[in-house]
Amino acid sequence: MDGSNAGYYAIFYNNISEEEIQKYIDQLKTLGYAEEASASESVSTGVLLRKDETWISIAYSEGGFGIRISVEKS
């Protein structure tokens, strides 16, 4: 989803395991993204990561995975 006019992009995946998602989150942390917030419920989990002016919001549940990448405008 191209929201570049509003400063973000979004990507959605299906049929992905929670293990694959966690590996992706760990990779982002290795690249210097810090976890700003996280929340879990019985059917879904969300994580908010930040590096400099770039924010990555990740939400996932039972095989569905969404990533929203936004950049703060200076």
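User: In this predicted model, how many bridges join strand 3 to strand 4, and which way do the two run?

Analyst: Strand 3 (residues 34-40) and strand 4 (residues 45-51) run antiparallel, joined by six bridges. To find your place, start from glutamate 35: its bridge partner in strand 4 is leucine 49. A hairpin of four residues makes the connection between the two strands.

User: And what does strand 4 do with strand 5?

Analyst: Strand 4 pairs with strand 5 (residues 54-61) over seven bridges, again in the antiparallel sense. Valine 47 has isoleucine 58 as its bridge partner there. This hairpin has two residues between its strands, and aspartate 52 in the turn shows a positive phi of about 55°.

User: Now the rings. How do I read an aromatic pair?

Analyst: You describe it by the distance of the centres and the angle of the planes. Two such pairs turn up here. For tyrosine 13 and phenylalanine 65, the centres are 5.7 Å apart and the planes sit at 25°, so that pair is stacked. Tyrosine 13 belongs to strand 2 and phenylalanine 65 to strand 6, so the contact ties together parts 52 residues apart in sequence.

User: Is phenylalanine 65 buried or exposed?

Analyst: Buried, with a relative accessible area of 5%. The rings of phenylalanine 65 and tyrosine 24 have centres 5.9 Å apart and planes at 80°, so this pair is edge-to-face. Tyrosine 24 lies in helix 1, so here parts 41 residues apart in sequence are tied together. Tyrosine 24 is partly exposed, at 31% relative accessibility. Ring pairs thus link Tyr13, Tyr24 and Phe65 into a cluster.

User: Which residue lies over the face of tyrosine 8?

Analyst: That's arginine 68, at 4.1 Å from the ring centre.

Methods:
Residues are numbered from 1 along each chain as its sequence is written. This is a predicted model: local features need pLDDT of at least 70, side-chain atom pairs count only at pLDDT 80 or more; totals for chains, interfaces and linings use all residues. Side-chain values use heavy atoms; hydrogens and water are left out. Two strands pair if DSSP finds at least two bridges between them. Rings of Phe, Tyr and Trp (its six-membered ring) pair if their centres lie within 6.5 Å; planes under 30 degrees apart count as stacked, over 60 as edge-to-face and the rest as tilted. Buried means under 20% relative accessible area, exposed over 50%, partly exposed in between (1.4 Å probe, protein chains only). A charge sits over a ring if NZ of Lys or CZ of Arg is within 6 Å of the ring centre and within 35 degrees of the ring normal.
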